[in-house]
Amino acid sequence: MTGGGKRSRAAFPVLAAALLGAVALSAATGPVPISFRAAFDAIFRGTDDTAARVLLSLRFPRALLGALVGGALASSGVAFQALLRNPLADPYILGVSGGAAVGALTVALFLSADASPLLPLCAFAGAALSAMGVFLLARRRSGVSPERLILMGVVVGAFLNAVIMLMVTLAPPGKIPGALYWLMGDLGLGTPGRVAVLFPYVALGTVLLYLLSRGLDLLLLGDHAAFQAGLSVERVKTATYLTASLLAGSVVAVSGLIGFVGLIVPHGARVLVGSGHRRLLPAAFLLGGAFLVLSDTLARAASPAGELPVGAVTALAGAPFFLYLLRRNGRRA
Amino acid sequence: MGRVRITVARLVLAGFLPALLLASAIDRPAFAADRFPLALKDDRGVTVRLAAPPRRVVSLAPSLTEIVFLLGRGGSLVGVTRFCNVPTAASGLPKIGGVSDPDVERIVALSPDLVLCTTDGNPRDKVRALEEIGIPCFALAPQDLDAVFTAIERLGFLLGAADRGRAEAEALRLRARLARPPSDAAEKPAVLFVVSTAPIIAAGEGTFMDELVRLAGGRNAAARFSGRYPRLSVEGLVAARPDVIFVAGMSDVERFLPEVTRWKEVPAFRDGAVITLDGDLVTRPGPRLVTALERVSAALAEWRRSRPKAPAAGAGGER
């Protein structure tokens, strides 16, 4: 609840504009040349030529997918950082990514190639199972402590990583490139269908987290203080944990493991609007979406050798961006 | 028509091959005796010395295994990689691991007197470890079709089958010449060779597939992207507009996703000109590259035939 007031109110229009600008830039970038006029006709007059179809069924869905994925990862990151009271927590810390990867790779590597509709489902099932497993392992009669959650998450994550490596080693060679790209994070198949699959999960998850925002504020004060303030601590923790895992798991299912967004965007958003969750959650969603869409545009435009996986770009661009934010913030304080 | 030409080529070969064998035996008596001891420089610049024709050979690449069998020296192989499946006899041989992960200890246990390896697939430090133990290693790294033919001749020399090597190489050169399109085939279809369909990874410049396309009278649609194996987005594929697509599948069934093939802006999807080739055929720098060239050439000839004689301006670049 620091840094509220004028600065935070001004931040929202800026963030919304940033997201819209990122989507527009993304839609304007690609190997098929599309004139401004052709784009205008495609959007407002419903023309049906190559330019229109590229714009409407490839570029916009991909940008939308990027916005949803980035927003969901950032929101989930905010929730995990509050839940674990740890600024280094991210959506993948509790074995969510490992579980999703094992689920998805089982389908992609060892079942028929035509089973791709199964992939998101299995990735989500894997994420949910490992998240539940970690939660149950960490639970004691006295409740769930952040330390035990992190410890269990790291152990389960390491185990699942070993399973992933084994699976990739044993995979039929022709299927390895696809699996590796997916593991690096990839928005390459942003189709309207996938956006439609992801949207309900992300909408549900973000709304639930927003409803939990007062609880998240109180959790930051510590379990004891939160309890004294009238919060049913365990219930809020469980709800937060499951919701954040749902967000991260559904995103991983559609776009693979995109690192760094869930870790750094929450910090960036905190610099802009402070740490009150009613502002922080929407700000992180907008910033995360804009960041990922820009990263994906860069991934498509920067490399002459076809496309880069967006996960590589988020990490490359993310770290310096994070340092810049931290230093700028330090100067102001 | 393409099939007819290949049959003609086979007939010609059947007549030529014995003649070539005979001719090479008479022409170059220096090779006929398979002179040992010999010293031969490999593609790393390392000179390999052999006192006698090797009797226990380990091959660290499927292409090299194929060549050894082609030279009639399959009987000398005591170890191959787990990917060596051609000819069938190769699959029964003891396995020493993979191309990128050969097991040094297993190789040493086979006490080979020669190890055949490649510079671009096998790890250098493992080859060096073998050499330090005192096992001669001969490395080959053919980068184009001609170099593959030369490699066959060199291996023939090395394995004490010099005549056979020269004859086989000459026969392959002849087949490769016959597979090329007639010089009046002016239309060059845009060809995309993909090694993976999801994600779409194409063969760019500097690959054998690029050379096959050029030799068969096409132009590589992936040349607009840099890198040897560029990854294409669906939009990149639409922008490249290939007339013919070859899928070099490593697995048995490699198909494009329906959300990719519905782009009828791509002539190859519109006309159904998507052809699956055995991935081994085009990625292994061995004798079967010529078979691949024959198939690619036949497919492009088919494309030219099915095409109405359009004014030259219609070829490609409409946008």
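1. In this predicted model, the side chains of Asp42(B) and Arg44(B) meet in a salt bridge, with an N to O distance of 2.9 Å. The two partners differ in their surroundings: Asp42(B) counts as buried because its relative accessibility is 5%, whereas Arg44(B), at 32%, counts as partly exposed.

2. A further salt bridge in chain B pairs Glu294(B) with Arg175(B), whose closest N and O atoms are 2.9 Å apart. This pair links distant parts of the chain, with Glu294(B) in helix 14 (residues 289-306) and Arg175(B) in helix 8 (residues 162-179), 119 residues apart. Glu294(B) has 10% relative accessibility and therefore counts as buried. In addition, Glu66(B), Asp280(B), Arg284(B) and Arg288(B) are joined into one network by salt bridges that share partners.

3. In chain A, Arg300(A) and Asp296(A) form a salt bridge at 3.8 Å, N to O. Both residues belong to helix 13 (residues 277-302) of chain A and stand four residues apart, about one turn of the helix. Both are also buried. Over all chains, a search of the whole structure finds 23 salt bridges.

4. Concerning the interface, 28 residues of chain A are in contact with 25 residues of chain B. About 2,200 Å² is buried between the two chains, and carbon and sulfur atoms give 59% of this area. Pro31(A), Arg53(A) and Leu58(A) supply 23% of the area that chain A buries against chain B, more than any other three residues. Three salt bridges are found across the interface of chain A and chain B. A salt bridge also joins the side chains of Arg59(A) and Glu235(B), at 2.3 Å from N to O.

5. The largest nonpolar core comprises 90 residues, of which Val69(A), Leu105(A), Leu149(A), Tyr241(A) and Ile258(A) touch the most other members. Helix 3 (residues 50-83) of chain A gives the most to this core, with 13 residues. Apart from it lies another core, of 84 residues, including Leu145(B), Leu159(B), Val194(B) and Leu232(B). Leaving aside residues up to four places away in sequence, Leu149(A) touches Leu83(A), Leu84(A), Leu94(A), Val134(A), Phe135(A), Ala138(A), Val144(A) and Tyr241(A).

6. On the surface, Phe36(A), Phe40(A), Ile43(A), Phe44(A) and Leu56(A) form a nonpolar patch, with about 570 Å² of accessible area together. Helix 2 (residues 36-44) of chain A gives the most to the patch, with four residues. Phe40(A) lies in this helix, and its 39% relative accessibility is why Phe40(A) counts as partly exposed.

Terms used
Residues are numbered from 1 along each chain as its sequence is written. Chains are lettered from A and ligands numbered from 1 in the order in which they are written. This is a predicted model: local features need pLDDT of at least 70, side-chain atom pairs count only at pLDDT 80 or more; totals for chains, interfaces and linings use all residues. Side-chain values use heavy atoms; hydrogens and water are left out. Patches are made of residues with over 30% relative accessible area and no salt bridge: like charges are joined within 9 Å, nonpolar side chains (Val, Leu, Ile, Met, Phe, Trp, Tyr) within 5 Å. Accessible areas come from the Shrake-Rupley method with a 1.4 Å probe; for residues, only the protein chains shown count as cover. A salt bridge is a side-chain nitrogen of Lys or Arg within 4 Å of a carboxyl oxygen of Asp or Glu. Helices (H or I, at least four residues) and strands (E, at least two) are DSSP runs, numbered from the N terminus. Buried means under 20% relative accessible area, exposed over 50%, partly exposed in between (1.4 Å probe, protein chains only). A nonpolar core is a set of buried Ala, Val, Leu, Ile, Met, Phe, Trp, Tyr and Cys residues joined through side-chain atoms within 4.5 Å. Contact means heavy atoms within 4.5 Å. Buried area is the accessible area (1.4 Å probe) that two parts lose on being put together, summed over both.
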